[in-house]
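Student: I should like to examine this model at the level of individual side chains. May we proceed by question and answer?

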Amino acid sequence: MDTLIRPAEWNSERERIRAIREAVFVREQNVPMELEWDDQEESAQHFLVFRTGIPVGTGRLTTDGKIGRMAISKAARGLGLGAQLLIAICNHAKQHGYRKVYLHAQQHAKGFYAKAGFTTEGPVFYEAGIPHIKMLQEFGCPLQKS
């Protein structure tokens, strides 16, 4: 199937981004709507994942190097799209001079990020009632898709 991952502009593509995040975080994970949207939306670099032209995933990189709001629609999971999205965000960060990136991984996804070279930093904490762990990747991400 045809997959495309590309940067997305919040102002012109917010509805696509919102639809994915609301399905995954608000409806599936019961994150309160008021916690899902924050003051980073307009300044962050967003990304969209498309399968056969349909948006099925999203993520963002904030100006301080935080990767977040990574979500893949339920019907598109298990296809490796989350890993491809992470690679795309990390490569974008490296190309734009970031020396490191970090994220707040949901605890159940710690292994996914560790496989990609992220290391844990600090104790488990809660965001929106969900256990998270801070994870860090120094000097960008050594992830190059060949």
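Student: Is Arg-6 buried, partly exposed or exposed?

Tutor: Buried means under 20% relative accessible area and exposed over 50%, with partly exposed in between (1.4 Å probe, protein chains only). Arg-6 has a relative accessibility of 25%, so its class is partly exposed.

Student: What kind of model is this?

Tutor: Residues are numbered from 1 along each chain as its sequence is written, and side-chain values use heavy atoms, without hydrogens or water. Local features need pLDDT of at least 70 and side-chain atom pairs pLDDT 80 or more, while totals for chains, interfaces and linings use all residues, since the model is predicted.

Student: With which residue does Arg-6 form a salt bridge?

Tutor: A salt bridge is a side-chain nitrogen of Lys or Arg within 4 Å of a carboxyl oxygen of Asp or Glu. For Arg-6, the closest N and O atoms of the pair are 2.5 Å apart. The partner has a relative accessibility of 10% and therefore counts as buried. That partner is Glu-13.

Student: How many salt bridges are there by this rule?

Tutor: The pair of Arg-6 and Glu-13 is one such bridge. By this rule the count is eleven.

Student: How many residues apart in the chain are Glu-36 and Arg-21?

Tutor: Their side chains meet in a salt bridge at 2.6 Å, N to O. The pair joins distant parts of the chain, with Glu-36 in helix α2 and Arg-21 in helix α1; helices (H or I, at least four residues) and strands (E, at least two) are DSSP runs numbered from the N terminus. Both residues are buried. Along the chain, Glu-36 and Arg-21 are separated by 15 residues.

Student: Which strand holds the salt-bridge partner of Asp-38?

Tutor: The side chains of Asp-38 and Arg-60 meet at 2.7 Å, N to O. This pair also links distant parts of the chain, 22 residues apart, with Asp-38 in the loop between α2 and β2 (45-51). Asp-38 counts as partly exposed because its relative accessibility is 29%, whereas Arg-60, at 5%, counts as buried. Arg-60 belongs to strand β3 (residues 54-61).

Student: Which residues are linked in a network of salt bridges?

Tutor: Two pairs already described are the bridges of Glu-36 with Arg-21 and of Asp-38 with Arg-60. The linked residues are Arg-21, Glu-36, Asp-38, Glu-41, Arg-60 and Arg-69.

Student: At what distance does the side chain of Arg-21 make a polar contact with that of Glu-41?

Tutor: Arg-21 counts as buried because its relative accessibility is 0%. Contact means heavy atoms within 4.5 Å, and beyond four places in sequence Arg-21 is in contact with residues including Trp-10, Trp-37, His-46, Thr-58 and Arg-69. A polar contact is a pair of N or O atoms within 3.5 Å; within protein, one must be able to donate a hydrogen and the other to accept it, and residues adjacent in sequence count only if both atoms are side-chain atoms. For the side chains of Arg-21 and Glu-41, the distance is 2.7 Å.

Student: The backbone oxygen of which residue does the side chain of His-46 reach?

Tutor: His-46 lies in strand β2 and, with a relative accessible area of 1%, is therefore buried. Beyond four places in sequence, His-46 touches residues including Arg-6, Pro-7, Ile-17 and Arg-21. At 2.8 Å, the side chain of His-46 reaches the backbone oxygen of Glu-41.

Student: What is the phi of Thr-52?

Tutor: Thr-52 lies in the loop between β2 and β3 and, at 44% relative accessibility, therefore counts as partly exposed. Although Thr-52 is not a glycine, its phi is positive, at about 45°.

Student: Which element gives the most to the lining of the largest pocket?

Tutor: On a 1 Å grid over the protein atoms alone, a pocket is an open set of points where a 1.4 Å probe fits, with protein on both sides within 12 Å along at least five of seven lines; lining residues have an atom within 4 Å of a point. The largest pocket is lined by 33 residues, with Phe-25, Met-70, Ala-71, Gln-106 and Tyr-113 nearest its centre. Elements giving two or more residues to this lining include α1 (10-28), α3 (81-95) and β7 (130-138). With seven residues, the element that gives the most is β4.
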